[in-house]
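Student: Hi! Could you walk me through this one?
Tutor: Happy to, let's have a look together.

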Amino acid sequence: MVNDGTLDIPGTGAGDMNNLWSNPPLGPTAPVGEILLAGTAIRIELPPSLHQLAVDRYEAIRKHIERADSPLHDRVRIFYPQGSMAIRATIKARKRVDGFDIDIIAELILPLSLTPAEVLDLLFAAINGPPGSRYHGMVERQTRCVTVYYADGMHLDVTPTVLIDERAPRLSCLFHAKAEEPPASHKRVLMNSFAFCDWFNELTPANVSFAMAYAERAAAFDRIAILADAEVKPVPAHSTIEGGKSTTVVALQLLKRNRNLRHEKRKGMRLPPSVMMAKIAAETSVPGASIAGALESIAGAIQSTLEAAEREERLVDVRNPRCQDERFTDRWPENRQAQRLYIEDLKLLRQQLAALMSDSLMLDQKRDLLVAMFGEGPAQSTVDEYAATIGRSIQSGNRLVSPLGRIVPSVAAAAPFVVKSGPAQPRPHTFFGTRWKG
Amino acid sequence: MKSVRQQIGAMARRWPTFEVAEQSTTHALWFGGLIGVERSHRLSLEFALPDHRDGKGMSARFPVVRVLSPRLILKPNTAEEAPLPHVYFEEPDTTLSPLCLFDPSKSEWSHDDLVAHTTVPWAADWLACYEGWLATGRWHGGGRHGRGAHKDTMEE
């Protein structure tokens, strides 16, 4: 760099989507759409501080269940996170603005002769405890789990399971007993979420540079949240980077958020299951892909899977690759109409994503797209932050200008990508102007 | 003082997407594209020496940049900088008003400067802040306003 901050960065100006998508992860020259997707994902995910809170809470529940006067004293073999919590794709709950659903498995040592309702009732009694005890009145018995509600909106779904075969680690059954249904329709359902999460995490390793860039942004946002909430404990910075997220996981969070938003007004309809989405996401995972690239390929793969079922006039059938008898799509889609509806949702999402990543739209148009895709709160907040970052970098003079005029905030962050010399950083200036007389 | 030829040479090197549409020994007019955030905008840039025959006009005092397309959007109800931030309002088409890129009272620009190293990157700054203003209703680029309401009135 000589004298005017010239950058020669492929894909930083008007270019096709492929060029834009090949930029370094979340760096100052990343496509605007990619930066907005990352900001949105950070705003909807379980932040590092709340992750620690969730862990503390489920540990506390485990100890509570194992207390001396509990009906499940000495009956808990293992307590472990499942689903989104286990693959770190937890996002804000569908029906709550600030809440998170945390899924936990309580593997119990119980005779398989107990009925599903008895197992669920036993777990409910163990957690709810006697009047005046820690969780009494905060607990609700569901069809397959027991939910503990916290005042801050978080809730933990604790699913009781029983190991089926000691030689097949974590191969278990869970218990289905809807209170208003006759016992004849209650059942045991084979599952191995532990093995599935292992399989998922193996297939979606984090790219180090992406994981670090994403974790730094998430930690910065989390610090603001911690300042606003005295009850939340800060977590060490390294834990946000260690074993960081892959683009697949971040894209999966966004896809779930989009699904939740689409279904918000579809009363009584089940959601396409997260675990089905996760399975297809892992199968399409490409190391090093951008968030936008991962989101496009996951949405495309789910759409193709559903369309294939639709062509054969059947409902989609997605199973646990580590437990073929576990059918992830056992409760959704209820019918072909639900299947077709989600195909249309995915088509729309992919069109919106392509527009978000194009260089033919202005920031306010991208904001509108982001709102339509993921909801107003996180979308507007992300765009506000982006605009403020650009403005600060201009006011401080701490920005570079690409050969086509794109403003790249933060000279220090951009430095590794400078390959062509040119005149210096444009010198600071003060916007001026006349007042509007109208 | 930089000559028109020097200005044209520097522009060709630094901003090859800008083409000279008019030139003489005392003035030059370019058209070209600038990005700001990501969307390309087409701009005009007019430069003239102080002794240009129309030297009383704005371009003889400082380079004049206008956004031609996409047309600037007026937002009369925005909390900050309504209806358009940091321009010298000009009738009859306000959307073509020249951008206000520096404070004349701070001597931030003179005819000793190359427009390629000052005016054009500052215009890119303006475009980036303008897009942010459209999307958020806030102007994050800082700056100030003179008292006057007319393009040729620049008193503080």
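Tutor: Two residues are in contact if their C-beta atoms, placed from the backbone, lie within 7 Å. Domain bounds come from an automatic or database domain assignment. This is a predicted model: local features need pLDDT of at least 70, side-chain atom pairs count only at pLDDT 80 or more, and totals for chains, interfaces and linings use all residues. Residues are numbered from 1 along each chain as its sequence is written, while chains are lettered from A and ligands numbered from 1 in the order in which they are written.

Student: Cool. Which domains does chain A have?
Tutor: The assignment for chain A gives domain 1 (1–29 + 361–426) and domain 2 (46–204 + 260–358).

Student: And how many residues of domain 1 of chain A are in contact with domain 2 of chain A?
Tutor: There are 12 in domain 1 of chain A, and they meet 10 residues of domain 2 of chain A.

Student: Which element gives the largest share of that domain 1 side?
Tutor: H13(A), with six residues. Helices here are DSSP runs (H or I, at least four residues), numbered from the N terminus.

Student: Switching topic: how many residues of chain B are in contact with chain A?
Tutor: For chain B the count is 49, in contact with 37 residues of chain A. H3(B) gives the most to chain B's side, 12 residues.

Student: Last one: what does Ala123(B) touch?
Tutor: Leaving aside neighbours within four places in sequence, Ala123(B) is in contact with Leu34(B), Leu43(B), Val65(B), Leu99(B) and Leu101(B).

Note on methods:
Helix = DSSP H or I, 4+ residues; strand = E, 2+ residues; numbered from the N terminus.
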